[in-house]
Every structure is written in C-alpha cells, then in structure tokens.
Amino acid sequence: MKFNDYWRERDSTENRIDNTREHIPVKYISHSLTIVSLTILSFTTPVFSQVENSKFGQKDSFRQLDEQLPTPTEARLGSGAPGPQYWQQRADYVIDVSIDDEKHHLTGSEKVTYFNHSPHTLSYLWLQLDANIFAPDSDSALTSKAPSMSRVSTDGLKRLRARQTFDGSMTVTKLVDADDKPLKYTVVKTMMRIDLSTPLKPSESFQFQIDWNYAINNSKLVPGRTGYEFFEKDGNSIYEIAHWYPRLVAYTDYTGWQHKQFLGRGEFTLELGDFILRINAPNDHIVSASGVLQNSNEVLTQPQRNRLETAKTAKTPVFIVTPEEAEKNESSKPSGRKTWVFKADNVRDVAFASSRKFIWDAQHHTVGDQSVWAMSYYPKEAEPLWSKYSTHSIIHTLDVFSRYTFDYPYPVAMSVNGPVYGMEYPMICFNGPRPEKDKTYSDRTKYGLISVVIHEVGHNYFPMIVNSDERQWTWMDEGLNTFLQYLAEQEWEDEYPSKRGEPKLIVPYMRSSQQVPIMTNSESILQFGNNAYAKPATALNILRETILGRELFDFAFKEYARRWKFKRPTPSDFFRTMEDASGVDLDWFWQGWFYTTNHVDISINQVRLSTLESPDPAVEKPLKKQERDEKPKTQSEQRNKELPKRADVFPELKDFYNDFDKFNITESDRKAYERFLKSLEKDEKKLLEEKRNFYVFDFENVGGLVMPIILEFKFADQSTQELRIPAEIWRHNNQKVSKLFITEKTIESVTVDPHLETADTNTENNHWPRKIIKSRFKLFKEKKGKNAMQNAKTKDDDKEKNKDEKKEKE
C-alpha cells in the first residue's frame, strides 16, 4: 500500500468509527462476550519506519527481506530459481583404498579430475583434509570446552585421555599432476591448498593424483562421524568410514572457496562428480559403499548372488548374507584380501562400511520410474530390531520424501549399523540404535531406530541432491530434512511419537534464553539440535498447516526441490522460491522465525461488549434505571443505610433533587424521540432494529513473534466458530491490536490458538475469561534418615548375621 493511500484509508476508517459512536452509545460488559456474521474493524497505531522507530519504539516486523538478502543476479534470480548464468564446479574421482584390520589403519590413493565451470581463472585449488580434525592440536580439540569435572565416568576419563594422545590426522605421501610432476601444496589445518603451475581457465580441467594414509579412530574413545567399533567378545570390528579422502572444496558464486575450517559441527560443502571406488579389505569382510557394486561375481558367493536375484521381486526384505553366514565369518580368520568395486554417478561424496560381522538384507523397490535397492547391514548384536525395521524404514522414506520433492534418482539406498549413531552420505547412512543384550528393546529404541533411518536416508534429498552449504547453514539440510522426517513418521503409524515437528514440542526451547537465530553460522549455534533441527522443522510445519495451507505449501516446497536438484541453493533461494511459487509474501515469517529469537505469545487481554442503545426513552431509561439499581452496594453504603439522617429530622432541608431521578421519563424525552424519528430516512429507521452485539477484543503480542490470530468462540447456545486472522493484522503495530467483531450470538468464551498450531509459549493468557490452572500433588510419608553411627551399626549387625548363617550351614 502506498503511503498516501494508507492515510486516506486510515482517515476514512476513523471517520466511520467516529460516526458509529454518535449513534451507538457504548456499554461495557467485561465479563460477557458476542460474535458470528463477522464484520471486522481494527484499531492500531501506524508505524512506517523499516528500522527501530524512536518515536514509536518498535521494529517493523513486516520489513521486506530484499534489503538483507543478496541482490539477484542472472546466476540466482529474484524468483529464487537458478538463472541462465548459473554455474557450479565438478570433480570426478577414482579412489583405491585399503583397510588394515589389525592396525586399524587406512591407506588411499586417488586420481581427481577437476572441472572449472566458473567464469573465473583459478591459480590454486583447495582440498579438505577432514581427518585432520583428529589431530591432538586441531582447532576442534583446542577449542573444545571443559566438561563438568565434578563427576566423570570411567569411559569419560578414557575419552579425555585418548583425545590428548590419539593422532588420526592425514599424512599426504604423494601429490603429482597428470604428468607425474610434483605439485606444491600447503596444509592449513583441515584444508590444503594446491598451487597450480599454470592457472586453470574457465571451461578447462585439471588432473592430479594424491596418496595418503591415517589411523582410524576408535569411536568409543575418540567419537566422531567416522571410526571403528571393536567387539571384545569375538575380536572383530565394524568400520564406518567417512570424510576419509582429500575432497575438493566447493568454489561458489556467493563465497568463492568455502574453506571454513572443519570444527566438527558445520558439516560439508562439496562438489558433485562421478566416483569409481575400489575398497581392498580382508576377504571375509562384507563391504557396503556409496554406489552400485560392480564386481559381485568376484566378491559374493553363488548363493548370495542367487538371493539378490530373489530380492528383486520379493515383497519383504531378503537376507543376502544370512545370520548364520555372518556368525561363521566372525569365528574365522581371513585367508587373503578382496577388492570391492563401486561406481557412484553424480554424487557429492562417498562413504563405506566394512566388517566380517555384517548380516545383509535387501529388497528391490520402485520409486516413480526408478528402480532402487533398499539394503541394510548390521551385526547380530542389532537383532531382532534391524531385520524387522531398517529396510522397511528405507523404503518408507523413499516413498514419502519422493512424493514431496522428486523421485529418488539413485539406484541404491543403504542403512548400516555400527559405531556412528546417525550420519548420512550419498546412498549410504550410518545408524546406531540396538536392542539390549537379551534381545529386548524399549519403545524408545524401536522408534529411535525408525526415526534415525528415516532422517539419515532422507538426507539423500537434502543436502546430497539439493546440495546446500552445510558448513555455513546447518538448517538448510537438517531443518528441511527433519520437517520431512516428521511427515514420514506421521505416515508410519497412528500416534507416532515424533520428537520434532509439532509446534507444542518446540515451546520449551522457544521460551528459553540461551538462543541464537536460525540464521547463525553452524559453528556458533547454541542448543544445536533445537536451533538447527527442531525450530526450522516446526516453522515449516506451521507454514504448511497454518500460514499457506497444505496445497500451496506442498507445491512451493516441491518447486524448490525441483529447481535446485543437483544444484547448490542458498537461504535466499529457498525464501524467494517459497514466495514465488506460493504467491504469498512471507518476509514477515522468515524475519520472525529465522532472523530473531522472538517467540509466540499472543494474549487476549480484554473483551468489551457494545450493544445499540435505543433512542426510545420508554425502552432505554427503564433499562438504565435497572442497571443502576442492580449495581453492587459497597460495604459502607450498606451499613450507612440504617444511620439516622439529618434530612429526615429536618424535612425542610429536602428540595427538588431529593425526589428527582434522571431516569424517569419526561414529556420532553418523548417529544425529542418523536423529532428524532421524523428526521430519519426509511433505511435509517431499520438500523434501530439492530440486535447484534459489537465486541472489541484487545490482543497483545507478548512474545514479539508476529503470527496469525486463531480464535475459537463458544456461544451461549453451545455452538462454536473458528476465525483465522492473518498475521498482517500486526503490520501497523506489532505489539497491540484491537479487533471489532459484530455478531448476533452471545459469546461465553474465547480461546486463542485452540489447536496448538503456533507454538504459543503461554496458553494461560489464551483464554477469555481466564481458566483456572489445575494441577495435582503427591502425598508422601516423611521418613527419618539414619545417622553415621546407625549405618555403621547396621553393617556390623549384617556381618554378625552372615557369620551365624555360615555356622548354621556348617
């Protein structure tokens, strides 16, 4: 709305209100309410400044984000779509890697082809050496905060000592170009710069080879996103290997080289490419990895290959490596080594797992037009939980996530049980939940497994395919993925116990003080899980259910996923696409939920009822007299009633006013009424028959986060009605607003946010009239504790009793 248009509308509104007041004298009834055929007026104080206004004391909650977001370009359009000049780099890898199962050591060699699709000439390349995070003097180790030292477990102390001594950093043993000439390089903590002898021009490519090795971390002592788990009972290990090879740093149009140091929380920003992965392991190991196995005839037995054929048409998961075969492998010693070959196309990363303990089950599944293998790998310690739920969870994830984004494009999706509780990579993920040793499990473990598999498999969509910058913006993959996880969980079974996504579940966090906005760099986030996972997931659920509605939201969200499939979006691309595809201005929503730490707390402070005053004195004056006479008498008034009055002793003190009652009907009142009627037009006389109620509701935005005002009215006839007022009601004053409702019915009560859909942090002020706060308390009987002498005497008595029992047995 233009500035002048606003003032014309405001002046017009005020005139209408003033004219209404002339004909409708107001009676205030604070305990009664009313509404239905809703005519709505709002009374607010305007504010136009887009910064904090010292004359008004508010910030503009509806300030447009264009002032903060990057200026659109032909690479990233104002619509949020990639433009005709969008570009991204590419890196193809051929990797040979060997696992030493005795020394827990990894040795690798890779040949990399890097493609410069940017319009820029590059004089150096940056690689990520993420294993360097396990150096004792890494930034991650040196900047870790001190734990509480009041009480430390034995395992905790072991971990503290191991972190000081274990060195899992990467040793580079060779770096040459395609002509086998050495390349100059500089290692900067978890990054390595390769200096090019000849600058790499646009549209050119560069090939090089790098060899390296490092010690693999024992996840029990030095936990991380990768490592091995040693089983003392059978002497075997499970390896889950990730961020294990030198990887090209992403070079982007928005930040250049994304070489922020790897500190542990901010995950990865990578280029897409094709991979050939050759994994050399003991010949009794079963290996799973990103991509499609290329040499099954060499590494699998004939029965195992036959089972794979059976699994192609099976309706339920089929064992490829049976529990009996896995147990037999556990007790054997390797007689040699095997090389497993995998091929992964158009992926940003690869990871793998290896162990002789693995049971392997699989089922073929169709997602859209794509045939996909769903596979699970796990030791016997994971049974019976894993064979029952893991592969089913993979298939369920692919079905649900594909429906909201795009058909899963890869040929395989795998879930592996091992030392890493939950971590994702293209086509493969690591998941930790297991039953107890006696094979029982709690409901928390069961749903924990289902949820973590859904979450980690879901990461194939965000950020493996929609390739966002995890090092900078954790929420862009974790938040979006957690939102879809919630949708998938709700389609698993009725009343699935989702931990994130429901607005009511985020309330304790939204009330808390130790917060930073969602739009905070990954390494600086406080309350990481709540900030980067739960809050954005909840925000998107609210956007879907309350702001846009499912149809508009689902279309826009799918458009975002489709636009940025196999590309690298930024937050502005997401925000702009959601608005572009939905046709709704959501800047106020992004501002409040993503750029501030405000919370939702909308209070209904007061309700005022007005009814039409009759101009007929024969009707109105008796009503006013009755209202006056029915007003409660004060204590003093009641007691003073019986006191002797001087005017009664001396009647001459009384005059006209002692008998005068302003509510008595006079002849002048009747004549005035007759004159008033004659002055009215026919349509104006009909207004005198107005029987509706005029309610003014006063709302306050206590929490600071503007949201729609969702109301449920309960009427005297026990009927109910819902009213949803858009968030724009707060656009002129984001702290207080009054609304006028006109209705024929009488309201008994009003509830704000009746379905708990806005994450309102204080529901006590959501009711008018206020509700009694109910609670229950427990009764206990006090017991006196023993003193030190009594405890010592009890021990002595127990010793004597044991001696006596021993003598009796003898």
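**Exercise 1. Locate Pro463 in this predicted model and describe the peptide bond before it.**

Solution. Step 1: Pro463 is placed in helix H9, which covers residues 460-465. The model is a predicted one. Step 2: the bond that joins Phe462 to Pro463 is a cis peptide bond, with omega at about 15 degrees.

**Exercise 2. Do the same for Pro769.**

Solution. Step 1: the peptide bond from Trp768 to Pro769 is cis, and its omega is near -5 degrees. Step 2: Pro769 belongs to the loop between strand S32 (767-768) and helix H22 (788-809).

**Exercise 3. Classify the aromatic pair of Trp360 and Tyr377, then place both residues.**

Solution. Step 1: a pair of aromatic rings is described by the distance of the centres and the angle of the planes. Step 2: a pair needs centres within 6.5 Å, and planes under 30 degrees apart count as stacked. The count for the model under this rule is 53 aromatic pairs. Step 3: for Trp360 and Tyr377 the values are 5.1 Å centre to centre and 25 degrees between the planes, and the pair is stacked. Step 4: Trp360 is in strand S21 (residues 359-367) and Tyr377 is in strand S22 (residues 370-378), so the pair links distant parts of the chain, 17 residues apart. Step 5: Trp360 and Tyr377 are both buried.

**Exercise 4. Repeat the classification for Trp475 and Phe575.**

Solution. Step 1: the ring centres of Trp475 and Phe575 are 5.8 Å apart and the planes stand at 10 degrees, so this pair is stacked. Step 2: the pair links distant parts of the chain, with Trp475 in helix H10 (residues 475-490) and Phe575 in helix H14 (residues 571-582), 100 residues apart. Step 3: Trp475 is buried, as is Phe575.

**Exercise 5. Which rings have the charged end of Arg247 and Lys357 over them?**

Solution. Step 1: the charge criterion asks for NZ of Lys or CZ of Arg within 6 Å of the ring centre and within 35 degrees of the ring normal. Step 2: the charged end of Arg247 sits over the ring of Phe268, at 4.4 Å from the centre of that ring. Step 3: Lys357 lies over the face of Phe231, 4.3 Å from the ring centre.

**Exercise 6. Work out the layout of the sheet that contains S10, S11, S20 and S16.**

Solution. Step 1: strands of a sheet pair through backbone hydrogen bonds, either parallel or antiparallel. Step 2: this sheet is open, has four strands in the order S10-S11-S20-S16, and its pairing is antiparallel. Step 3: strand S10 (227-231) and strand S16 (286-289) each have a single partner strand and stand at the edges, so one side of each has no neighbour in the sheet. Step 4: on average, neighbouring strands of the sheet are turned by 10 degrees against each other, direction ignored. Step 5: S16 is joined by four bridges to strand S20 (residues 352-355), and these two run antiparallel. Val287 stands opposite Ser354 in S20.

**Exercise 7. Describe the backbone and the exposure of Asn346 and Gln718.**

Solution. Step 1: Asn346 is not a glycine, yet has a positive phi of about 55 degrees. Asn346 lies in strand S19 (residues 337-347). Step 2: the relative accessibility of Asn346 is 23%, so Asn346 counts as partly exposed. Step 3: Gln718, also not a glycine, has a positive phi of about 75 degrees. Gln718 is in the loop between strand S28 (709-715) and strand S29 (720-725). Step 4: Gln718 has a relative accessible area of 48% and is therefore partly exposed.

Definitions and conventions: Residues are numbered from 1 along each chain as its sequence is written. This is a predicted model: local features need pLDDT of at least 70, side-chain atom pairs count only at pLDDT 80 or more; totals for chains, interfaces and linings use all residues. Side-chain values use heavy atoms; hydrogens and water are left out. Rings of Phe, Tyr and Trp (its six-membered ring) pair if their centres lie within 6.5 Å; planes under 30 degrees apart count as stacked, over 60 as edge-to-face and the rest as tilted. Buried means under 20% relative accessible area, exposed over 50%, partly exposed in between (1.4 Å probe, protein chains only). Two strands pair if DSSP finds at least two bridges between them. Axes are lines fitted to C-alpha atoms, for helices over the stretch in contact, and angles run from 0 to 180 degrees between N-to-C directions.
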